[in-house]
Amino acid sequence: MDSYDKDACSGLDGPVGPPAPAPDAPDGPDARTGIVALSAPYQVVAALALALVAVFACVHIAMVFLHVAPANTVTKQHGQAVDSWIYPEFEQNWKLFAPNPLQQNIAVQARAQIRTTDGSTRQTGWYDLSAQDAKAIDSNLLPSHTQQNELRRAWDFYTGSHDNENRPNGLRGELSERYIRRIVLLRLADEEPEGTVQRVQVRSKTTRVQPPPWSGERFDRKPVYRELEWWPVTSRDLEVRAR
């Protein structure tokens, strides 16, 4: 009875094997890919997203162009709006290139008044923070972004947001003061680990770059100092230093 059943099943169903592969989808005008393959509501959403990206890109390119372009009617009327868009994330600095390449070396130096553990107060000498960065970068194939740019950009931030009398121009000026003060505190933590910093003072030392031998330029290479007032150190500053 079992043998009869096997033969009957074999005769009716045939040999068992893998199923035949499904035929490939035909290539032709009905095959849709990309946004076209989406349903109508999703096509509208995708088109709006692409339009917003395109508008943002055009506005950003226009703002950057106005920021780096020479002064013109648009920047005179809408300069504040351009600066609000650019700073601080998209700031552009073209000082390396013509027509006004840098022709001077600027070193940032700092000193502090420290209260020691016995309650007395002492004043440190001037620490050349820029020289410390240069030493860390020299012979270093992969210097960090902090060593290369943090102090330099902080000083550029300060000078760009203060007048020649070191008076801040609005909130950005006050922000630049806090920023550079905290950088100084972090640097002094390595130089002066003992005691509590009460006040810090920052100055810049500007020296003209020696012209090439073929140049007929002649100028005084005596350093020029820009010395700021003593800044009191706040409790928030000390918290940053402790972290």
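**Close-ups of a predicted model**

**View 1. Helix α2 passes helix α3 in a left-handed crossing.** This is a predicted model, and here we're looking at how two of its helices meet. Helix α2 covers residues 40-68 and helix α3 covers residues 73-86; they pack at an angle of about 120°, and their axes are 9 Å apart. That angle makes α2 oblique to α3.

**View 2. Here are the residues where α2 and α3 touch.** On the α2 side, look for F56, V59, H60, M63, V64, L66 and H67. Their partners on α3 are V74, T75, V82, D83, W85 and I86. Sorted by class, this contact has nine nonpolar residues, along with three polar and one charged.

**View 3. F219 sits in the loop between β4 and β5.** The strands on either side are β4 (196-208) and β5 (224-227). Is F219 buried or exposed? Neither, quite: F219 counts as partly exposed because its relative accessibility is 24%. Leaving aside residues up to four places away in sequence, F219 touches R208, V209 and P211. Take R208: it lies 11 residues from F219 along the chain, and the C-alpha atoms of the two are separated by 8.2 Å.

**View 4. Confidence varies along the chain, with helix α1 the lowest of the elements and strand β3 the highest in mean pLDDT.** Helix α1 (residues 2-13) has a mean of 49, while strand β3 (residues 127-128) reaches 96. Over residues 8-12, pLDDT stays under 50, and the model has one contact beyond four places in sequence for that stretch. Where pLDDT is low, don't read the predicted coordinates in detail. For the protein chain, the mean pLDDT is 82, with 81% of residues at 70 or more.

Note on methods: Residues numbered from 1 in each chain as written. Predicted model: local features only at pLDDT ≥ 70, side-chain atom pairs only at ≥ 80, totals over all residues. Heavy atoms only, no water. Axes fitted to C-alpha atoms, helices over the stretch in contact; angles between N-to-C directions. Helix = DSSP H or I, 4+ residues; strand = E, 2+ residues; numbered from the N terminus. Parallel < 35°, antiparallel > 145°, perpendicular 65-115°, else oblique. Left-handed = near helix turned anticlockwise from the far one by under 90°. Contact = heavy atoms within 4.5 Å. Nonpolar A, V, L, I, M, F, W, Y, C, P; charged D, E, K, R; others polar. Buried < 20%, exposed > 50% of the residue type's maximum accessible area, 1.4 Å probe, protein only. pLDDT = per-residue confidence, 0-100.
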